[in-house]
Amino acid sequence: MVSASASNVSAILLIFLSVISTSRVAFSGKFYQDFYITWGGDDHSKMLNNGELLTVSLDNVSGSAFESYNQYLYAKIDMQIKLVAGNSAGTVTTFYLSSTGSYHDEIDFEFLGNLSGDPYILHTNVFCQGKGNREQQFYLWFDPTADFHTYSILWNPQNIIFLVDGLPIRQFKNLESYGIPFPNYQPMRLYSSLWNADNWATRGGLVKIDWTQSPFTASYKNFNADGCIWSYGTSSCDSNSPNSNANKGAWYWEKLDYSDQGKMAWVQNNYMIYNYCTDTKRFPQGFAPECYLTNLP
């Protein structure tokens with residue numbers, strides 16, 4: 001839960017470390033090379049600056065969305081996003097990996113808008129074989145509407161790590177040996193959208209969208225993906241694929257070391273506002289099994 005106990009010195013130090021980490025990210029590509037618009041058309045989604053900037057917008061006619069051409073079976077994905085400014089109550093901006101079908105896997109970033117002056121809520125979730133209910137929510141330690149910030153998903157055979165400006169905020173470990181599902185056989189595309197969710201997004205749906213403030217716009221730039229690309233039933237990281245070891249890279253083996261665990265603990269101790277692993281009212285019969293195994297290496 002949120003706490004004011006962390007000192008300003010430690011906060012500044014950790015944010016400084018995250019900036020250093022972010023500076024090592026190698027950005028590449030044009031949006032038109034990696035993505036296509038799936039909802040809203042040219043009126044609501046625009047690729048600008050020779051494909052280096054993508055904007056999505058929402059008004060009372062339509063929202064907007066795009067998705068990647070590539071499918072991945074494990075990847076490190078980075079995207080810089082600047083969220084809807086001002087009164088964004090009722091809006092949700094998404095950035096997530098997902099497969100398809102009723103037993104789909106999914107790794108979610110969702111940004112829940114709020115009234116002017118109130119903080120955004122960063123909502124995360126992991127679906128395995130069609131089952132989610134693994135939500136963790138956070139406030140951010142900066143204004144996500146004032147500038148671009150880097151949001152990253154690291155998904156490899158060992159774990160899933162959610163990062164903000166290089167700072168780990170959440171880890172979902174591969175605990176299949178304990179009978180806990182982990183997304184490791186369904187390839188996923190990258191999706192993003194901006195849509196009307198005022199039936200639940202802000203204060204449980206009590207605050208509705210003020211359409212006089214529309215259009216609402218979020219902006220994206222500096223997409224980067226290091227991943228195992230899935231094509232025609234095979235992965236570029238399979239042992240029989242050309243350059244399979246090079247395609248894996250260091251990200252394929254990455255886990256949180258002691259320093260990273262300390263950074264994640266700082267975020268969770270000071271900025272986490274909801275954790276499915278502690279919600280006794282919602283889960284009176286007991287928590288998900290992974291909640292009892294968080295200290296395993």
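**Exercise 1. Pairing of β4 and β12**

Task: Find how many bridges join β4 to strand β12, and in which sense the two run.

Solution. Work in this predicted model.
- Step 1. Locate strand β12 at residues 188-196 and strand β4 at residues 64-82.
- Step 2. Count the bridges: six join β4 to β12.
- Step 3. Read the direction: the two strands run antiparallel.
- Step 4. Check one pair. Ala65 stands opposite Ser193 in β12.

**Exercise 2. Another partner for β12**

Task: Work out how β5 and β12 pair, and over how many bridges.

Solution.
- Step 1. Place β5 at residues 91-98.
- Step 2. Compare directions: β5 and β12 pair in the antiparallel sense.
- Step 3. Count eight bridges between β5 and β12.
- Step 4. Take one example. Leu97 has Leu190 of β12 opposite it.

**Exercise 3. The surroundings of β9**

Task: Decide whether strand β9 is enclosed or open, then name the strands that pair with it.

Solution.
- Step 1. Find β9 at residues 149-155.
- Step 2. Apply the cut-off: a residue is buried under 20% relative accessible area.
- Step 3. Seven of the seven residues of β9 pass as buried, so the strand is largely enclosed by the rest of the structure.
- Step 4. Sort the side chains. His149, Tyr151, Ile153 and Trp155 point one way. Thr150, Ser152 and Leu154 point the other way. Both groups are buried.
- Step 5. Link this to a general rule: in a regular strand, side chains alternate between the two faces of the sheet.
- Step 6. Look at β4. It pairs with β9 in the antiparallel sense over seven bridges. Met79 has Tyr151 in β9 as its bridge partner.
- Step 7. Look at β10, residues 159-164. It pairs with β9 in the antiparallel sense over five bridges. Ile153 stands opposite Phe162 of β10.
- Step 8. Inspect the connection. β9 and β10 form a hairpin, with three residues between them.

**Exercise 4. The nonpolar cores**

Task: In the largest nonpolar core, find which residues touch the most other members, and which strand gives the most to this core.

Solution.
- Step 1. Note the size: the largest core holds 62 residues.
- Step 2. Pick out the residues that touch the most other members. They are Met79, Phe95, Phe109, Tyr151, Trp155, Ile169 and Tyr220.
- Step 3. Name the strand. β4 gives the most, with eight residues.
- Step 4. Find the second core. It is separate and has five residues, including Val92, Ile121, Ala197 and Ala201.
- Step 5. Recall the general trend: in soluble globular proteins, nonpolar side chains tend to be buried together.

**Exercise 5. Two polar residues**

Task: Classify Ser88 and Asn222 as buried, partly exposed or exposed, and list contacts for each.

Solution.
- Step 1. Place Ser88 in the loop between β4 and β5.
- Step 2. Ser88 has a relative accessible area of 1%, so it is buried.
- Step 3. Leave aside neighbours within four places in sequence. Ser88 is then in contact with Gly113, Asn114 and Tyr120.
- Step 4. Place Asn222 in strand β13, residues 216-231.
- Step 5. Asn222 has 30% relative accessibility, so it counts as partly exposed.
- Step 6. Find its polar contact. The side chains of Asn222 and Gln80 are joined at 2.7 Å.
- Step 7. Compare sequence with space. Asn222 and Asp78 lie 144 residues apart in sequence, yet their C-alpha atoms are 7.7 Å apart.

Terms used
Residues numbered from 1 in each chain as written. Predicted model: local features only at pLDDT ≥ 70, side-chain atom pairs only at ≥ 80, totals over all residues. Heavy atoms only, no water. Core = buried A, V, L, I, M, F, W, Y, C linked by side-chain atoms within 4.5 Å. Buried < 20%, exposed > 50% of the residue type's maximum accessible area, 1.4 Å probe, protein only. Helix = DSSP H or I, 4+ residues; strand = E, 2+ residues; numbered from the N terminus. Contact = heavy atoms within 4.5 Å. Polar contact = N/O pair within 3.5 Å; in protein donor to acceptor, adjacent residues only side chain to side chain. Pairing = 2+ DSSP bridges.
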